[in-house]
Amino acid sequence: QVQLVESGGGLVQAGGSLRLSCAAAGRTFSIYTLGWFRQAPGKEREFVADISWSGGSTRYVDSVKGRFTISRDNAKNTGYLQMNSLKPEDTAVYYCAAKRTGENWSNPYWGQGTQVTVSS
């Protein structure tokens with residue numbers, strides 16, 4: 001069992017930045033792949049980025065490449081999503097997720113979500 005708590009969401013103007021954090025408790029955080037997903041009103045939840053247990057491998061959805069950076073600090077049991085050059089279309093509830101290495105994202109542990117609103 002892994003408990004995830006996101007923080008750092010808020011209201012920001014287009015072009016601004018936010019840093020989301022995901023604090024983990026429970027089983028050894030370092031063995032899990034960490035991911036960020038988002039869900040905008042009226043849309044399905046979508047994959048944003050993930051990072052391997054070691055931090056050596058990252059993936060991003062095309063729409064955030066070059067603007068968002070995922071990272072993790074296993075010593076602090078915390079993951080991060082640095083979001084720069086934010087756009088109104090980035091407005092969504094952002095969720096942190098964790099899964100075991102080798103599994104897909106069909107049934108991960110989820111956080112409760114944090115709202116990100118980007119004004120134009």
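Is Asp-90 buried or exposed, at 1% relative accessibility? Asp-90 counts as buried, because its relative accessibility is 1%; buried denotes under 20% relative accessible area, exposed over 50%, and partly exposed in between, with a 1.4 Å probe and protein chains only. The model is predicted, so local features need pLDDT of at least 70 and side-chain atom pairs count only at pLDDT 80 or more, whereas totals for chains, interfaces and linings use all residues. Residues are numbered from 1 along each chain as its sequence is written, and side-chain values use heavy atoms, with hydrogens and water left out.

Asp-90 takes part in a salt bridge with Arg-38, in which the closest N and O atoms are 2.9 Å apart. A salt bridge is taken as a side-chain nitrogen of Lys or Arg within 4 Å of a carboxyl oxygen of Asp or Glu. Arg-38 belongs to strand E4 (residues 32-39) and Asp-90 to the loop between strand E8 (78-83) and E9, so the pair ties together parts that are 52 residues apart in sequence. Strands (E, at least two residues) and helices (H or I, at least four) are DSSP runs, numbered from the N terminus. Like its partner, Arg-38 counts as buried, with a relative accessibility of 6%.

Arg-38 also meets Glu-46 in a salt bridge, at 2.6 Å from N to O. Glu-46 counts as partly exposed, at 31% relative accessibility. Through salt bridges that share partners, Arg-38, Glu-46, Arg-67 and Asp-90 are joined into one network. Side chains of opposite charge can pair when their charged atoms come close. A further salt bridge is formed by Asp-62 and Lys-65, with 3.0 Å between the closest N and O atoms; Asp-62 counts as exposed, at 60% relative accessibility. The count of salt bridges comes to five.

Arg-38 and Glu-46 also appear in the lining of the largest pocket. Here a pocket is an open set of points on a 1 Å grid over the protein atoms alone, where a 1.4 Å probe fits, with protein on both sides within 12 Å along at least five of seven lines; lining residues have an atom within 4 Å of a point. The space in this pocket is about 170 Å³, the volume being that filled by probe spheres set on the points, which are joined across faces, edges and corners. Its lining has 13 residues, and those nearest the centre are Arg-38, Ala-40, Lys-43, Glu-46 and Glu-89. By class, eight lining residues are charged, three polar and two nonpolar. Ala, Val, Leu, Ile, Met, Phe, Trp, Tyr, Cys and Pro count as nonpolar, Asp, Glu, Lys and Arg as charged, and the others, Gly among them, as polar.

One disulfide (a pair of cysteine sulfur atoms within 2.5 Å) is present in the structure. It joins Cys-22 and Cys-96, whose sulfur atoms are 1.9 Å apart. The torsion about the S-S bond is about -70°, so this disulfide is left-handed. Distant parts of the chain are linked by the pair, with Cys-22 in strand E3 (residues 18-26) and Cys-96 in strand E9 (residues 92-100), 74 residues apart. Both cysteines are buried.

Most residues other than glycine have a negative phi. Asn-77, although not a glycine, has a positive phi of about 55°. Asn-77 is in the loop between strand E7 (68-73) and E8 and is partly exposed, at 27% relative accessible area. Ser-85, also not a glycine, has a positive phi of about 50°. Ser-85 lies in the loop between E8 and E9 and counts as partly exposed, at 41% relative accessibility.
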